[in-house]
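Student: Could you zoom in on one part of this model for me, the surroundings of the ligand, and then work outwards from there? I'm happy with numbers, so don't hold back on cut-offs.

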Amino acid sequence: METLRISDRGVPDPWALPLAEIDPSQAEIFLNNAQGEYFRRLRREDPVHYCADSAFGPYWSITRFDDIVEIETNTKVFSSEPVIVIGDVPAEYLMPMFIAKDPPVHDVQRKAAAPAVGAPRLAELEDLIRRRAGAILDGLPVGPTFNWVERVSKELTAQMLATLFDIPFEDRHLLPYWSDVSTNSEACGVQTDMTARQKILMECLAYFTRLWHQRAAAPPSLDFISLLAHNPETRNLVQDPNALMGNVMLLIVGGNDTTRNSISGGVVFLNQNPQEYDKLRADPALITNMVSEIIRYQTPLSHMRRTVTEDFTFKGKRMRKGDKVVLWYCSGNRDDGVIENPEEFRVDRTRARHHIAFGFGIHRCMGNRMAEMQLRVLWEEIMKRFSRIELVAPPRRVLSNFVNGYEEVQVRLHPLD
Ligand code: HEM
């Protein structure tokens, strides 16, 4: 029997489908924010689920927290190569990057780039981020409605990334632009003109190749490109345009949609849970805890994918060499076997950092402390200025099975009394 796709019939009720037909890879499910019940059923009835027919071919879905951790720990059987999204990428568009590499290449490249977001660098950057967040907030209209995504989430994230790359402030908008072009791909369930996309990515490559040569000729510093250009293990990356592009894209995308959508998500969740907003107003010291809760609740990257390197039995299911295994972080973060009342957004949740939105193991998000710091500083500055950020319309979500986020979050600001 031919499996119907969502576009043919709207988002179906997952509880009414035969289990074998459940296919959470369809981007429309996420667009409609309907993924919760799909994953609830899979966690309960078939936590290691095989979908034989999807737009991305057959794949396994891993939906429980502990199973995701177990697979991420076994990098020998569950490889990050050649790509970490569900969709395969044609060889001519494949960009090698360390998130999609196994040891030893992964370890060497990650180690080279990591000081850009290490603790000493973050301590140096906190003041700058605070000033920039303050300036963005002070420039917002109080009273009229506006799109929080454009004015705050995208803007602050672009400024932060421009700092991590140390590129001119006026070029900052290129980064979210390139990030969007890169993630809007068929591999994430979005129809795209791949030729046009490729042309734009070539402009990005030219920009970063120029920057690389400038940095290589200058004394070393703690920005991403300088770190890679001066490290003996990575300084030849520039001779492999695909690998240069891949790693640059990783650093741009890694820090972009993720932080941006957590910034927007916080506004959405506080509006959906006014009692939590009251708690925060009563005790702004909850901000650090709330930031982790926002990241868990949003889970800005819905999944990462692994590829099986040898026939292997996992939880009684026989996986074959070459099978795709999708780790649904958005589901692991709603697993009530590990997280108490996971459907609730609680700013004062105990053990709020115990979530899987940053992944686990050797690929665990390199920028996690940077993201948390940026969100904390932003909320500290928000609470000094506004009594309420009011959501005035339902948020418009992104069409993707990979990036879980918002196109539009219309708000109105209320000043402190
Ligand atoms: C990896 C999420 C912010 C850079 C990852 C992974 C996830 C993730 C799920 C893959 C983990 C795995 O496979 O186990 C997030 C979230 C963020 C965020 C939710 C914000 C809330 C950032 C920022 C940066 C960054 C700000 C840098 C500027 C990276 C890099 C990797 C990575 C370079 C690859 C690490 C590796 O393969 O070793 N992130 N990320 N991320 N992230 Fe983030």
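Tutor: Let's start at the ligand and then follow the neighbouring elements outwards.

Two housekeeping points first. Residue numbers run from 1 along each chain as its sequence is written. What you're looking at is a predicted model, where local features need pLDDT of at least 70 and side-chain atom pairs count only at pLDDT 80 or more, while totals for chains, interfaces and linings use all residues.

Now the ligand. It is surrounded by 30 residues, the closest being Gly-254, Gly-255, Gly-359, Cys-365 and Gly-367; being near here means having a C-beta atom, placed from the backbone, within 6 Å of the molecule. By class, the shell splits into 18 nonpolar, 9 polar and 3 charged residues. For that tally, Ala, Val, Leu, Ile, Met, Phe, Trp, Tyr, Cys and Pro are nonpolar, Asp, Glu, Lys and Arg are charged, and the others, Gly among them, are polar. Helix α11 gives the largest share of the shell, 7 residues, and both α11 and α15 supply at least two residues each. Helices (H or I, at least four residues) and strands (E, at least two) are DSSP runs, numbered from the N terminus.

Follow α11 away from the ligand. This helix (residues 241–272) lies across β9 and β12, running at about 90° to β9. Contact means C-beta atoms, placed from the backbone, within 7 Å, and angles run from 0 to 180 degrees between N-to-C directions, with axes fitted to C-alpha atoms (for helices, over the stretch in contact). The sheet underneath is open, with 3 strands in the order β4-β12-β9 and antiparallel pairing. Its edges are β4 (145–147) and β9 (386–391), and each has a single partner strand, so one side of each has no neighbour in the sheet. Direction ignored, neighbouring strands are turned by 35° against each other on average. Strands pair if DSSP finds at least two bridges between them; β9 and β12 (residues 410–415) have 5, in the antiparallel sense. One of those links is easy to find: Glu-390 has Arg-412 in β12 as its bridge partner.

The other thing to check beside α11 is α13 (residues 287–298). Its 12 residues reach 16 Å from first C-alpha to last, close to the 16 Å expected at 1.5 Å a residue, where the expected span is 1.5 Å times one less than the number of residues. Of those 12 residues, 11 are buried, so α13 is largely enclosed by the rest of the structure. Buried means 20 or more other C-beta atoms within 10 Å of a residue's own, exposed means 12 or fewer, and partly exposed is in between, again with C-beta atoms placed from the backbone. Met-290, Arg-296 and Tyr-297 are among the buried ones, and the buried residues pack against α11, α12 (274–282) and α15. Just after α13, Thr-299 takes a positive phi of about 45°.

Thr-299 has company in that respect. Most residues other than glycine have a negative phi, and most peptide bonds are trans. Arg-351, with phi near 50°, lies in the loop between α14 (329–332) and α15 (368–385), and it counts as exposed because it has 10 other C-beta atoms within 10 Å. Asn-33 has phi near 55° and lies in the loop between α2 (27–31) and α3 (35–45); with 12 C-beta neighbours inside 10 Å, Asn-33 is exposed too. As for cis bonds, one runs from Glu-81 to Pro-82, with omega near 0°, and another joins Pro-103 and Pro-104, with omega about 5°. Pro-82 lies in the loop between β3 (78–79) and α5 (105–113), and so does Pro-104.

That loop follows β3, which takes us to another open sheet, with 5 strands in the order β1-β2-β8-β5-β3 and mixed pairing. The edges are β1 (48–51) and β3, each with a single partner strand, so one side of each is left without a neighbour in the sheet. Helix α4 (residues 65–73) packs on this sheet, touching β1, β2, β3, β5 (303–308) and β8 (324–328), and its direction makes about 130° with that of β8. Finally, β1 and β2 (residues 59–62) run antiparallel and are joined by 4 bridges; Val-48 has Ile-62 in β2 as its bridge partner.

How values were computed
Contact = placed C-beta atoms within 7 Å.
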